[in-house]
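Visitor: Could you take me closely through the aromatic rings of this model and their surroundings? I should like one connected account, with each term explained as it arises.

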Amino acid sequence: MIPILKKGKDPKKATSYRPISLTSCVVKTLERIVNERLRWYLESRNLLAPEQAGFRQFRSTEDQVTYLAQEVEDAFQEQKLALVTWIDLQKAFHKVWKDGLLVKLLRKGVSSNMYHWIRSYIYNRRARVNVDQTKSKKFLLRHGVPQGGVLSPTLFLLFIDDLVSEMPKGIKAALYADDLVIWC
């Protein structure tokens, strides 16, 4: 892994860096193949929440902003209040619960070779940090999905997919990756 300084952060603090996983070209190619197949499976069966626009083809932040703006305008025209809150899920990829992700994969019907490959991909990952040509000892990555991994965004979407389905009646939501806006 190499640490990349986050924009506008203090370079003297370790928390100011995003750990990016570097993997071989062969692994990245395999990740792309698995990711495309998984995305096709999820999208062709409409298995992802329609409120999620992040990391999805033909969806964008503009869609989400337009949707929310129309909801606010409608409330204004009806002389009602629109209560809105924005939530940023910090360190989202790092906090993915691996066992929970595997259960969610099974619930979506992902099984057999795809399931076993993904389980192998997220468990028993070891890494070392490389800073200025100096490498740390290898250590076990216990939590999350690899930051910078080709497959990680899709796995993250699967992990948080049921978040909006649990909202109380009358609460609407829009997601863009790890950013959530809810309103009523």
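Guide: Two rings of Phe, Tyr or Trp (for Trp, the six-membered ring) pair if their centres lie within 6.5 Å; the pair is stacked when the planes are under 30 degrees apart, edge-to-face when over 60, and tilted otherwise. The model is a predicted one, in which local features need pLDDT of at least 70 and side-chain atom pairs pLDDT 80 or more, while totals for chains, interfaces and linings use all residues. Residues are numbered from 1 along each chain as its sequence is written, and side-chain values rest on heavy atoms, with hydrogens and water left out.

Four aromatic pairs are found by this rule. One of them joins Tyr67 and Trp183: with 5.2 Å between the ring centres and an angle of 70° between the planes, the pair is edge-to-face. Tyr67 belongs to helix α2 and Trp183 to strand β9 (residues 179-183), so their pairing ties together parts of the protein that are 116 residues apart in sequence. Helices (H or I, at least four residues) and strands (E, at least two) are DSSP runs counted from the N terminus. The two partners differ in their exposure: Trp183 is buried, at a relative accessible area of 4%, whereas Tyr67, at 36%, is partly exposed. Here buried means under 20%, exposed over 50% and partly exposed in between (1.4 Å probe, protein chains only).

Elsewhere, Phe55, Phe93 and Phe156 come together in one aromatic cluster. Phe156 leads to helix α5 (residues 152-160), a helix that is mostly covered, with nine of its nine residues buried. Its buried residues are Ser152, Pro153, Thr154, Leu155, Phe156, Leu157, Leu158, Phe159 and Ile160. The elements that cover them include helices α1, α3 (98-107) and α4, together with strand β8 (172-176).

Phe159, also among the buried residues of α5, has a charged neighbour: Lys104 lies over the face of its ring, 4.7 Å from the ring centre. Such an arrangement requires NZ of Lys or CZ of Arg within 6 Å of the ring centre and within 35 degrees of the ring normal. Another example is Tyr123, over whose ring the charged end of Lys98 sits, at 5.4 Å from the centre.

Helix α5 is also met by Gln52, a residue of the loop that runs between α1 (25-44) and α2 (61-77). Gln52 is buried, with a relative accessible area of 3%. Apart from neighbours within four places in sequence, its contacts (heavy atoms within 4.5 Å) are Arg59, Gln64, Leu157, Ile160, Leu175, Tyr176 and Ala177. Of these, Leu157 and Ile160 appear among the buried residues of α5.

These details sit within a protein of five helices and nine strands, which succeed one another along the sequence as β-β-α-α-β-α-α-β-β-β-β-α-β-β. The C-alpha trace spans about 60 × 45 × 25 Å along its principal axes. Of the 184 residues, 33% count as buried. Among contacts with a separation of 6 or more, 59% are between residues 24 or more positions apart; the contact between the loop residue Gln52 and Ile160 and the pairing of Tyr67 with Trp183 illustrate links between separate parts of the chain.
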